Amino acid sequence: MALQMTASRHHPALVALHWLLALMLMVALAMGTFVLSGIPMESPEKIGALRGHMVVGVLIGFLMLVRLVVRLRTRHQLAPSPSSGNPLLDALGTFVHLGLYALVFAMAASGMATALLTGLPDIVFGGSGGAVPANLATVAPRIAHGWIAKGIAALVVLHVLGAVFHQAVRKDGLMARMWWGPR
Ligand code: HEM
Ligand code: HEM
């Protein structure tokens with residue numbers, strides 16, 4: 001038991017989920033910003049693009065939830081993160097981690113709210129043959145979805161800078177905590 005208290009890496013399931021989610025989230029952010037939102041509402045390609053985006057988006061929300069459960073359940077096994085050397089930066093690191101969880105959940109929720117408010121599930125998956133409604137661009141959760149995307153992108157930039165700082169400047173082996181290996 002004492003050994004478990006000092007595990008120097010995250011649980012392997014959490015490592016797998018971290019990197020899978022990092023990939024899925026970055027693809028969803030890039031595709032949403034640069035492809036999906038640029039396709040005109042009346043284009044025949046819009047429904048197919050929305051279908052892919054909505055499936056991946058819901059999956060991201062679900063996997064993030066699984067990840068949070070794994071994280072909370074394995075919390076007691078893990079040694080604390082190495083310090084950045086500055087209490088304010090350490091607090092920023094914690095804030096960024098919590099912020100990522102919160103904003104990813106908010107992203108999935110606002111996407112689902114947008115879809116429900118505009119009748120998208122039926123149009124996209126129900127084969128009702130309906131067109132994408134024009135108010136998709138203007139409902140409140142859709143506007144929030146766009147802003148939250150920018151917030152996530154900003155947090156990811158801070159997060160990667162933090163990882164690089166630990167790895168290159170502090171040389172404290174932080175990256176190994178988020179990789180597989182003996183714990
Ligand atoms: C969309 C992309 C990403 C998201 C949403 C994300 C999210 C997170 C979250 C929430 C944590 C905290 C884990 C926890 O304690 O619950 C974490 C840890 C970590 N992430 Fe990321 N991450 C992303 C990309 C990256 C990238 C690209 C890198 C490397 C350059 C990275 C390196 C790390 C490391 C090393 C940790 C472990 C920190 C520690 O053990 O104290 N992450 N990540
Ligand atoms: C949680 C992960 C998700 C990410 C990272 C994501 C990302 C994005 C991004 C970046 C945009 C474009 C925003 C803009 O340019 O203003 C977008 C638009 C959109 N997303 Fe998501 N999304 C996610 C989940 C969802 C979910 C779960 C749904 C619905 C079930 C959804 C439905 C939509 C819709 C309807 C649009 C608007 C498309 C348009 O205006 O043309 N998203 N998403």
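These legends walk through several close-up views of a predicted model. Residues are numbered from 1 along each chain as its sequence is written, and chains are lettered from A and ligands numbered from 1 in the order in which they are written. Because the model is predicted, local features need pLDDT of at least 70 and side-chain atom pairs count only at pLDDT 80 or more, while totals for chains, interfaces and linings use all residues; side-chain values use heavy atoms, with hydrogens and water left out.

**View 1. Two histidines hold the iron atom of ligand 1.**
Look for His18 and His159, whose NE2 atoms coordinate this iron at 1.9 to 2.0 Å. Donors here are N, O and S atoms within 2.8 Å of the metal (3.2 Å for Na, K and Ca), and sites may look incomplete because water is not among the atoms. The site has six donor atoms with angles of 88 to 179° and is octahedral. For six donors, that word asks for opposite donors over 155 degrees apart and all other angles between 65 and 115. The histidine pair links distant parts of the chain: histidine 18 belongs to helix α1 (residues 12-34) and histidine 159 to helix α5 (residues 140-170), 141 residues apart. Helices are DSSP runs (H or I, at least four residues), numbered from the N terminus.

**View 2. The two histidines at ligand 1 fall into separate accessibility classes.**
Histidine 18 is buried, with a relative accessible area of 13%, whereas histidine 159 is partly exposed at 27%. Buried means under 20% relative accessible area, exposed means over 50%, and partly exposed lies in between (1.4 Å probe, protein chains only).

**View 3. Ligand 1 takes up the space of the largest pocket.**
A pocket is found on a 1 Å grid over the protein atoms alone, as an open set of points where a 1.4 Å probe fits, with protein on both sides within 12 Å along at least five of seven lines. A molecule sits in a pocket if more than half of its atoms lie within 2 Å of its grid points. The elements giving two or more residues to the shell around ligand 1 are α1, α2 (45-74), α3 (87-117), α5 and α6 (174-177). Helix α1 gives the largest share, five residues. Of the 20 residues around ligand 1, those that come nearest are His18, Arg71, Ser81, His159 and Arg177; a residue is near a molecule if one of its heavy atoms lies within 4 Å of it.

**View 4. Polar side chains reach atoms of ligand 1.**
A polar contact is a pair of N or O atoms within 3.5 Å. Arginine 71 places a polar side-chain atom 2.6 Å from an oxygen atom of ligand 1, and tyrosine 101 does so at 2.7 Å. For histidine 159, the partner is a nitrogen atom of the ligand, 2.8 Å away.

**View 5. Another histidine pair serves the iron atom of ligand 2.**
Which residues are the protein donors of this iron? They are His53 and His145, each through NE2, lying 2.0 to 2.1 Å from the metal. This site is octahedral too, with angles of 88 to 179° among its six donor atoms. Histidine 53 lies in helix α2 and histidine 145 in helix α5, so the pair ties together parts that are 92 residues apart in sequence. Histidine 53 counts as partly exposed at 25% relative accessibility, while histidine 145 counts as buried at 15%.

**View 6. Ligand 2 sits in the second largest pocket.**
Helices α1, α2, α3 and α5 each supply at least two residues of the shell around this ligand. The largest share, seven residues, comes from α2. Among the 25 residues around ligand 2, Lys46, His53, Gly111, Arg142 and His145 come nearest.

**View 7. Lysine 46 meets ligand 2 from helix α2.**
Is lysine 46 buried or exposed? At 3% relative accessibility, lysine 46 counts as buried. An N or O atom of its side chain is 2.5 Å from an oxygen atom of ligand 2. Serine 37 also has a polar side-chain atom 3.3 Å from an oxygen atom of ligand 2.

**View 8. Serine 110 is found in helix α3.**
Serine 110 is buried, with a relative accessible area of 8%. A polar atom of its side chain lies 3.1 Å from the backbone oxygen of methionine 107.

Conventions:
Tetrahedral: all angles 85-135°; square planar, octahedral: opposite > 155°, others 65-115°. Polar contact = N/O pair within 3.5 Å; in protein donor to acceptor, adjacent residues only side chain to side chain. 1 Å grid on protein atoms, 1.4 Å probe; cavity = no way out; pocket = protein on both sides within 12 Å on 5 of 7 lines; lining within 4 Å.
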